[in-house]
Structures are given as structure tokens and as C-alpha cells.
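Reader: Before any detail is discussed, may the sequence and the coordinates be placed side by side? The questions that follow concern ring contacts, strand pairing and backbone geometry.

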Amino acid sequence: MTSTPFHDLDEYVALPRLSGLVLSPDGSRLVTSVATLDAKRTKFVTALWEVDPTGEKPARRLTRSAKGESSAAFTPGGDLLFTSARPDPDGKAADDDEPVPALWLMPGDGAEARIVAHRAAGLGGVHVAKDADVLLIGSDVLPSATDAETDEKLRKARKEKKVQAILHDGYPVRYWDHDLGPESPHLFVAQVGADVVAPLAGAQDPRLTLTDVTPEAGSALVEQSAAISPDGRTVVTGWNLPLARGAQRGRLVAIDVASGEHRVLVDDPEAEAWSPVVSPDGRWVAFGRETLSTPHEAPRVTLQLVPLAGGEPRTLVESWDRWPQHPVWLPDGTGLLVTADDDGRSPVFRIDVESDEVTRLTSDDATFTDVSVSPDGSVAFALRTSYEAPAHPVRIDLTTGETTPLISPVATPELPGTLTEIETTTQDGRRVRAWLALPRTEEKAPLLLWIHGGPLGSWNAWSWRWNPWILVARGYAVLLPDPALSTGYGQDFVQAGWGAWGAAPYTDLMAITDVAEARDDIDETRTAAMGGSFGGYMANWVAGHTDRFQAVVTHASLWALDQFGPTTDAAYYWEREMTAEMALENSPHRFVDKIVTPMLVIHGDRDYRVPIGEGLRLWYELLAKSGLPADEDGRSPHRFLYFPDENHWVLSPQHAIVWYQVVEAFLAEHVLGRTGENAPVYPEILG
């Protein structure tokens with residue numbers, strides 16, 4: 001068998017990773033980000049690369065620094081803005097042993113980049129008005145700070161006195177892997193025109209004047225996105241509205257840049273409003289609407305349109321049974337491009353505003369992200385990904401839908417196997433499908449059932465963290481199914497599992513596993529199940545409801561739902577998902593005595609979405625109460641891989657290597673039955 005990067009974990013984590021894609025206003029330049037390992041191989045560093053939109057010239061690197069660059073955006077004149085924590089060549093940035101990202105400008109003629117804005121909290125999320133030299137950028141502000149100087153003094157005082165305490169008066173208090181407060185995100189605008197022209201020799205580089213247009217934001221902008229109108233006069237942003245009993249929902253607010261006046265643009269008591277984008281003529285705002293779920297009714301996502309001047313929103317293609325995401329206006333304003341999960345893919349669709357019709361543009365087995373449209377509206381550019389290739393830039397003909405690869409700065413790695421699809425029909429008549437990654441071998445392959453997280457999601461795009469090809473390189477077949485609750489199969493498919501995670505999602509998984517095991521190339525006597533987040537929940541549920549698998553791997557998993565609900569970072573959302581009775585009925589911990597399968601538990605202490613208490617309780621109850629408890633000498637076939645400084649995903653390169661090494665060794669022991677001299681070796685670095 002030909003060796004591939006997936007056969008060697010050091011080679012695998014060293015593969016460059018491409019993300020993000022922005023198009024210059026004249027359509028002549030594309031810029032993307034490429035992450036590579038640093039010299040110590042302990043973290044990824046991102047650089048900006050230019051891709052030729054015509055597909056004729058090779059990609060070229062634009063930036064290079066130990067700190068990396070991100071948040072690329074073009075000015076109307078073609079200059080490139082980005083953020084980076086690299087040192088200021090003139091030494092004008094604040095002296096800090098933990099430098100924060102500043103805003104840099106690289107002139108369109110290729111001259112040296114220089115800092116044009118800096119704040120003690122750092123800057124990020126750059127947006128530029130299409131027809132005006134106005135930029136929108138985000139930065140955090142301490143609540144008692146009245147200006148940038150005061151904010152910087154307060155930060156220095158907290159650091160010098162080693163104060164990390166936070167006094168909260170609202171909810172939530174943390175998100176995914178970071179604490180919220182005492183600072184909160186604000187939005188700033190600045191003119192990025194003549195005042196940033198390079199000065200004469202010996203003169204100090206000019207800095208932009210940043211104006212806070214959200215001085216009273218508080219927590220309103222936490223995890224919200226914003227847009228700026230083409231004329232630079234109006235900012236439209238998601239805005240968190242606090243509700244009773246610790247809940248909140250998102251509405252849209254329009255902010256007049258000149259006066260700072262705020263007005264509510266969309267306030268829907270029955271739904272969240274998010275991700276606004278302003279039309280090219282500045283008249284309309286397209287945004288996502290997600291209904292507030294109840295324990296008995298799943299959310300529904302639609303695309304809406306509202307006049308920027310104010311008025312009643314309307315739903316676009318309301319009859320479309322998919323969840324549109326990431327809208328991008330066509331240059332003439334007649335329609336939008338969106339992506340949406342669809343049957344294990346995420347194609348690009350065109351929505352015509354006048355006829356209210358939707359048309360699928362791309363037809364290949366892929367997922368598209370970071371879509372932008374050429375000035376003449378003839379083509380779009382995007383990143384294309386699938387389980388057969390990581391993200392790479394492509395050009396899409398908007399007349400034919402034909403997709404043409406561009407010359408990427410990142411090579412597509414050779415795969416150690418092949419990809420196919422399988423499906424089945426459940427007893428209630430629902431179609432359940434899955435991707436199946438197979439090794440290149442004539443022998444029957446052991447099977448790994450991989451269960452996706454979410455649960456509102458789909459196995460439809462390349463993942464660097466949950467990459468099936470690493471296990472395929474070890475000889476396993478990896479099954480990637482979309483059970484009930486998965487997106488891309490219609491609202492009824494989501495509803496089929498809503499509030500009843502242990503019912504249809506479980507039976508769907510078992511049904512598609514039956515189909516996989518019936519294949520001639522699968523060894524049905526050697527199988528395992530694994531999953532993370534909701535997939536970890538389901539792995540726990542599987543362990544307590546069947547002994548058909550020889551091993552179960554559960555990562556960042558929900559175990560006791562009564563405990564999980566109030567401790568997750570968004571407990572109010574969980575109350576919209578299950579009643580206390582539903583949570584108890586669907587809680588895996590009630591079936592711990594039925595677990596007779598060796599389990600590998602994996603959890604990070606910085607996981608705030610599924611707090612570490614879930615992993616700790618699961619680990620103890622496996623040893624103390626399961627059907628396979630620790631023996632009289634304390635020995636157990638179960639294992640607990642604990643990461644004190646990792647979050648929900650385990651992101652650092654060396655920890656990712658350890659993660660895969662431990663999973664591989666655990667599966668080899670219990671699925672492949674390697675014992676004695678052939679017993680698997682766990683990583684020596686673990687001690």
C-alpha cells in the first residue's frame with residue numbers, strides 16, 4: 001500500500017490548512033489564509049496568500065510573520081487590510097509581552113505593510129464599505145472605560161495586580177471555551193482614505209481614528225455578526241436582547257454612523273435574527289431567521305428580507321425545505337447566493353428576489369464556503385471541500401454551475417482509501433444515508449461507526465479534527481451517517497428526533513450500521529462506535545443499549561442530562577430543547593448498569609459547551625456502577641483521556657496526535673484483539 005500523510009500523524013498535522021477567501025472590489029485578486037505548523041510544531045501560524053482568479057498563475061505568499069495574519073479585507077481602492085499581532089517595525093505599538101492583533105494595511109501596489117490602527121484589547125473582524133472608504137472593525141472594551149486610554153490603563157492595572165475576577169449581572173457568563181467579561185465586544189468605524197497615505201521619510205505613520213458606534217453595547221454583541229452599508233453610512237448588526245429567567249434572543253439593529261443613533265430593524269418575539277448582509281444598492285437587508293424551538297417543536301431556519309429604512313420582513317422561498325446559510329448578494333441586487341446542507345452535501349443555490357424561486361447551481365458532491373461574486377455577476381469564487389479533499393479555491397460559472405479549480409497554495413493530499421455512499425429505509429419510511437470511507441485492501445475491514453455532533457448538522461465536509469482517513473489508513477472502514485436530527489433532509493427529518501434523542505437517532509444509526517455490516521467488504525465481527533459532543537452523547541446511549549460493538553469512544557460527551565442542562569454555557573437554549581421529563585427519559589446515565597463494552601472517555605477541562613463534570617461523572621460511574629466495573633484490584637478495561645488545557649475540540653497539534661494515538665491503541669486492543677507481544681502501545685509522552 002502506498003504511504004500517505006494519513007499513515008503518519010506527524011506528517012498529517014503538518015499538512016497546510018486553507019481557510020477563508022476574499023475577493024478584491026475589481027475582481028482581479030483573491031486572498032486566502034494558509035495555516036502551517038510553527039518551528040516547534042506546537043501551534044499553527046496563518047499567512048495570507050494570493051490566488052489568481054483566472055486560474056492561470058500560481059498562488060503567491062503575501063505575508064510572513066511568527067504571529068500570523070488573519071481577517072483579510074480589501075478597501076475600495078484595492079489596498080489589503082488584515083490583523084496581526086506581529087511587532088510594529090517602528091516600535092509604536094504598546095509594549096506587551098502578550099501582543100494583541102493590530103490592523104495593518106498593505107498597499108495595492110505591493111509596498112510594505114504597516115500598522116494603521118491599534119487598541120490595547122486588539123482588533124478583529126474587518127469589514128469595508130463597498131462604495132466608501134469606511135471600515136467596520138470589532139474590539140473589546142472594559143465596562144468602565146470611557147476612551148481608549150482609560151481602557152488601556154484598566155487592563156494594565158488588572159494585569160499588574162493579577163486580578164482575573166469578573167462580576168456578572170447577567171447571563172451567559174462563558175461561551176464554548178472562553179469566559180465572558182469583564183470586557184465586551186464593541187463595533188468601531190473609521191475612514192480609511194487619504195489619512196492613511198504613507199507619510200514622508202522620518203514622519204510617523206498615521207493611525208486611523210476609531211469611533212465606537214456601540215458605546216452602550218454591554219453583552220449585546222457577544223457572538224453576533226455585523227455588516228456595513230455600501231455607502232458606509234449605516235451599520236447593521238445582530239443584537240442580543242436579554243429576556244426573563246436568564247434567556248436571550250437576537251434581533252437586528254441599524255446604527256447611523258454619523259449620529260450614532262440606534263434603531264431596531266427586526267425584533268421578532270418568536271425567532272432569532274442573525275447574520276445581516278446589505279444589498280448593493282443599500283435598500284435591503286437579508287438575514288437569517290431561526291424560530292425559537294420548544295421541547296416539542298424543532299427550530300426552522302429561513303432567509304428573510306427587510307428594508308434598511310425599516311418595514312416588515314418577508315420570508316424568501318418560504319416553501320423551500322432546506323436551511324439557507326451565508327447569503328451573498330448578486331451585484332445587481334436581483335438575487336442572492338446561499339449555501340444549504342442537502343443530502344450529505346452543501347451546494348450553492350441562487351435565490352431570485354422578484355420571482356421568489358430557488359435554483360441549485362453546483363451539482364458535485366461537495367460543500368462550498370466563503371462565496372463571493374465577481375463585479376459583473378458572471379462567476380462566483382468559493383472554497384470547495386468534501387470528504388475526498390480539504391478546502392481549495394474554485395471558480396463557479398453562475399450560468400452553467402460549472403466548477404473550475406484554481407491554483408491553490410495547498411496541495412490536495414493523496415487518500416488511503418475510497419469513498420462511497422450507502423442508505424436504508426427505516427420502519428417509519430424515512431430514508432437514512434451515510435458516507436462510507438473504505439481502505440484499499442482485499443480483506444474484510446473492521447467497521448467504525450462515527451456519529452456527528454450538533455445534533456443539527458451533517459457529515460458533508462472535510463474535518464481536520466475528525467478525519468476518517470487516519471483510521472482508514474489503519475485498515476478500518478469508517479461509517480459517517482446522518483440520522484434523524486441531521487440537516488439537509490428536510491424539516492420533518494429534524495423533527496423526527498427532536499426531544500427524543502434516544503429514539504429515532506439511535507434506531508437510524510443501528511439501521512444504517514446493519515447495511516454497512518452486510519457488505520462483503522466489512523467484517524461485522526469487529527466493530528466500534530465513536531462520536532463527539534452530541535455524537536459522544538449517542539456513543540454513551542449506544543453503550544447502554546447494545547453490546548454489538550467491541551469498543552466505544554466518547555469525546556466531549558453528554559452523560560447526565562439533568563446535570564448538563566443547567567451547567568452548559570447556554571442553559572436557556574437547552575430549556576427550549578427538552579423538558580426535565582424528556583431530559584431524564586433520554587439521559588444515558590440511567591443505563592450505566594447495562595454498559596458491558598469497554599469505553600474510552602475523552603474530555604477537555606476548558607470545554608464550556610459540555611462541561612468537564614459530564615466526563616468526570618461518566619468516568620466514575622463506569623468504574624463504580626457499569627456492567628463492566630473496576631475489579632477488586634481497581635483494574636478496568638475503560639480509559640479516560642483528560643486534557644486540562646483543551647476545549648471542546650482538542651485543537652493543539654501535539655494533543656491531536658495524542659488523541660489519535662490513544663484512540664488507535666484502544667481500538668487495536670478491543671476491536672482487533674491485539675494482546676501479548678502484539679498489544680497496542682499507548683503514547684510514551686503520557687508517562
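**Rings, strands and backbone**

Author: The charged end of Arg-609 sits over the ring of Tyr-175, with 5.6 Å to the ring centre. The model is a predicted one.

Reader: At what distance from the ring centre does Arg-609 lie over the face of Trp-176?

Author: A charge sits over a ring only if, among other conditions, it is within 6 Å of the ring centre. Tyr-175 meets this with Arg-609 at 5.6 Å. Arg-609 also lies over the face of Trp-176, and there the distance from the ring centre is 3.8 Å.

Reader: How many aromatic pairs does a search of the whole structure find, and what class describes the pair of Tyr-12 and Trp-464?

Author: The search of the whole structure finds 24 aromatic pairs. In the pair of Tyr-12 and Trp-464, the centres are 5.8 Å apart and the planes are at 45°. Planes under 30 degrees apart count as stacked and those over 60 as edge-to-face, so an angle of 45° makes this pair tilted.

Reader: Which parts of the chain does that pair link, and how many residues apart are they?

Author: Tyr-12 belongs to helix α1 (residues 9-13), while Trp-464 is in the loop between β33 (445-451) and α3 (468-472). These are distant parts of the chain, and the separation of the two residues is 452 residues.

Reader: Are Tyr-12 and Trp-464 buried or exposed, and which cluster do ring pairs build?

Author: Tyr-12 and Trp-464 are both buried. Ring pairs link these two residues into a cluster with others. Its members are Phe-6, Tyr-12, Trp-450, Trp-462, Trp-464, Trp-466, Trp-659 and Tyr-660.

Reader: What class describes the aromatic pair of Trp-541 and Phe-591, and where do the two residues lie?

Author: Trp-541 is in helix α6 (residues 534-543), and Phe-591 is in the loop between α9 (580-585) and β37 (599-604), 50 residues apart. Both Trp-541 and Phe-591 are buried. Their ring centres are 5.2 Å apart with 75° between the planes; since an angle over 60 degrees counts as edge-to-face, the class of this pair is edge-to-face.

Reader: What is the strand order of the open sheet of four strands, and which are its edge strands?

Author: The open sheet has the order β19-β20-β21-β22, and the pairing is antiparallel. Neighbouring strands are turned by 35° against each other on average, direction ignored. Two strands pair on one side only, which makes them the edges: β19 (271-278) and β22 (314-316).

Reader: How many bridges join β20 to β21, and which residue stands opposite Arg-289?

Author: Strands β20 (residues 284-291) and β21 (residues 301-307) run antiparallel and are joined by seven bridges. Opposite Arg-289, in β21, stands Thr-302.

Reader: Which peptide bonds are cis, and what are the omega values?

Author: Most peptide bonds are trans. One cis bond joins Tyr-171 and Pro-172, with Pro-172 in the loop between α2 (148-160) and β11 (174-175). Another joins Gly-181 and Pro-182, and Pro-182 lies in the loop between β12 (178-179) and β13 (184-191). Omega is about 5° for Tyr-171 and Pro-172, and for Gly-181 and Pro-182 about -5°.

Reader: What are the phi values of Ser-275 and Asp-356?

Author: Most residues other than glycine have a negative phi. Ser-275, in strand β19, is partly exposed with a relative accessible area of 27%. Asp-356, in the loop between β25 (348-352) and β26 (357-360), is partly exposed at 30%. Both values of phi are positive: for Ser-275 near 50°, and for Asp-356 near 60°.

Terms used: Residues numbered from 1 in each chain as written. Predicted model: local features only at pLDDT ≥ 70, side-chain atom pairs only at ≥ 80, totals over all residues. Heavy atoms only, no water. Phe/Tyr/Trp six-rings, centres within 6.5 Å; stacked < 30°, edge-to-face > 60°. Buried < 20%, exposed > 50% of the residue type's maximum accessible area, 1.4 Å probe, protein only. Lys NZ or Arg CZ within 6 Å of the ring centre and 35° of its normal. Axes fitted to C-alpha atoms, helices over the stretch in contact; angles between N-to-C directions.
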